[in-house]
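Trainee: Could you take me through the metal site of this protein, and then go on to the charged pairs elsewhere in the chain? I would like a careful account that I can follow with the model open beside me.

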Amino acid sequence: MGNQRPTAAADHGVQQLKPAAGPGVSPAADRYSRQILFPGIGPKGQERISASHVAIVGCGATGSALATLLARAGVGKITIIDRDYVESSNLQRQILFTEADALESRPKALAAAAHIGEFNASIEVRPAVADLHPGNIEELLHGAEIVLDATDNFETRYLINDYAIKTNIPWIYAAAVAAYGATMNILPGETACLACIFPEPPGGTVETCDTAGILNSAVNLVASLEATEALKILSGARNALRRTLLSFDLWQNEHSEIATGGPRHDCLVCGHREFHHLAGERRPHITLCGRNSVQIHEHHRVVDFSEISRRLSPHGTIKFNDTILKFWHGAYEISLFDDGRAIIKGTTDIALARTLYARFIGS
Ligand SMILES: [Zn+2]
């Protein structure tokens with residue numbers, strides 16, 4: 001009933017009519033009125049939010065929720081970077097996508113931008129169907145005043161950490177698997193950075209969505225916490241920021257918070273200002289969360305899907321649209337993007353994936 005404008009004041013049984021958006025009331029003031037009413041934000045905070053630019057790295061479950069919340073909150077410009085396409089197994093938790101997106105294998109960044117346009121056409125969304133790497137990070141994150149982690153791997157997080165410390169912009173770490181979630185704000189010069197807390201990526205067997213599964217409530221909760229901290233930064237409420245590494249397990253009803261403290265003098269990144277990830281010195285292959293696959297991203301080329309389709313048709317099944325070509329050959333599925341990047345499903349063997357790429361796409 002709050003949406004029926006002539007009687008909007010009846011939200012809490014108050015028998016009083018409020019004016020709808022019209023002469024004297026800006027559409028933005030009406031759209032964001034409930035958020036402006038919240039004292040932590042207010043009209044000034046909303047103005048700052050509307051003038052801000054956020055980058056979301058990854059648009060799976062965490063990225064979907066972040067993009068939804070921040071776009072509805074009126075963040076003026078949102079860059080969404082994702083290298084993947086929508087699949088039916090995503091729909092359980094990735095709240096921005098539809099069955100049609102999965103059927104058409106739409107790239108997540110483009111599907112996200114299209115759906116955001118349906119509920120908030122007044123903000124600017126910049127989708128990038130790309131893998132964030134040292135060679136494109138400055139271009140893709142340029143102008144963003146905060147970077148939000150919605151990735152599924154530590155390699156990209158260390159890369160974001162290097163970039164954020166070097167350029168002095170805040171970023172927020174977030175991770176979720178099974179019923180577990182964790183998040184931490186990184187404010188360069190003020191708080192510990194990711195490398196202060198985790199000098200090395202976790203070793204041994206790391207649980208992923210692929211092995212441990214994931215609850216949609218856990219990943220959406222971590223995204224909600226991250227979005228709230230982002231709104232604090234954007235609206236200028238830095239005193240309200242959490243300065244802990246927060247983690248929880250929703251199934252076990254456990255949660256903990258560890259104070260992260262300030263930057264460590266002996267930290268390679270924020271102490272010694274050595275940016276090895278940004279320099280591309282520690283970049284191995286990347287396998288994706290949620291499936292048995294390898295991404296090949298070392299071949300930048302413009303590809304002609306019609307030509308490739310003709311060439312590959314004797315070797316398997318092919319389907320393509322404007323943005324992606326899918327090719328099934330035996331136990332393998334190759335998804336080729338129009339810049340030459342490919343995701344090869346059915347193996348975690350890098351050498352085999354490279355061989356399949358060279359054989360079917362080109363070396
Ligand atoms: Zn550090």
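Mentor: What follows starts at the metal site and then turns to the salt bridges.

Please keep in mind throughout that this is a predicted model. The zinc ion has four protein donors, the SG atoms of Cys193, Cys196, Cys267 and Cys270, which lie 2.2 to 2.3 Å from the ion. The arrangement counts as tetrahedral because the angles that the four donor atoms subtend around the zinc ion run from 95 to 120 degrees, and the cut-off for four donors requires all angles to lie between 85 and 135 degrees. Along the chain, the donors follow the spacing C-x2-C-x70-C-x2-C. The site thereby links distant parts of the chain, with Cys193 in the loop between strand 6 (180–186) and helix 9 (194–197), and Cys267, 74 residues apart from Cys193, in the loop between strand 8 (254–259) and strand 9 (293–296). Cys193 and Cys267 are both buried.

Turning to the charged pairs, the structure holds 10 salt bridges. One of them joins Arg83 to Asp152, with 3.8 Å between the closest N and O atoms, and this pair also links distant parts of the chain. Arg83 sits in the loop between strand 2 (77–82) and helix 5 (99–103), whereas Asp152, 69 residues apart from Arg83, sits in the loop between strand 4 (146–149) and helix 8 (154–167). The two partners are set differently with respect to the surface, since Arg83 has a relative accessible area of 9% and is therefore buried, while Asp152, at 34% relative accessibility, counts as partly exposed. Arg83 and Asp152 also belong to a network of salt bridges in which Asp131 is linked with them.

Another salt bridge is formed by Asp149 and Arg157, whose closest N and O atoms are 2.6 Å apart, and here both residues are buried.

A further example lies within a single helix, where the side chains of Arg311 and Glu307 meet in a salt bridge with an N to O distance of 3.2 Å. Arg311 and Glu307 are four residues apart in helix 12 (residues 305–312), so about one helical turn separates them. In this pair, Arg311 is partly exposed, with a relative accessible area of 35%, and Glu307 likewise counts as partly exposed, at 34% relative accessibility.

Notes
Residues are numbered from 1 along each chain as its sequence is written. This is a predicted model: local features need pLDDT of at least 70, side-chain atom pairs count only at pLDDT 80 or more; totals for chains, interfaces and linings use all residues. Side-chain values use heavy atoms; hydrogens and water are left out. Donors are N, O and S atoms within 2.8 Å of the metal (3.2 Å for Na, K and Ca); water is not among the atoms, so sites may look incomplete. Four donors count as tetrahedral if all angles lie between 85 and 135 degrees; four count as square planar and six as octahedral if opposite donors are over 155 degrees apart and all others between 65 and 115; anything else is irregular. Helices (H or I, at least four residues) and strands (E, at least two) are DSSP runs, numbered from the N terminus. Buried means under 20% relative accessible area, exposed over 50%, partly exposed in between (1.4 Å probe, protein chains only). A salt bridge is a side-chain nitrogen of Lys or Arg within 4 Å of a carboxyl oxygen of Asp or Glu.
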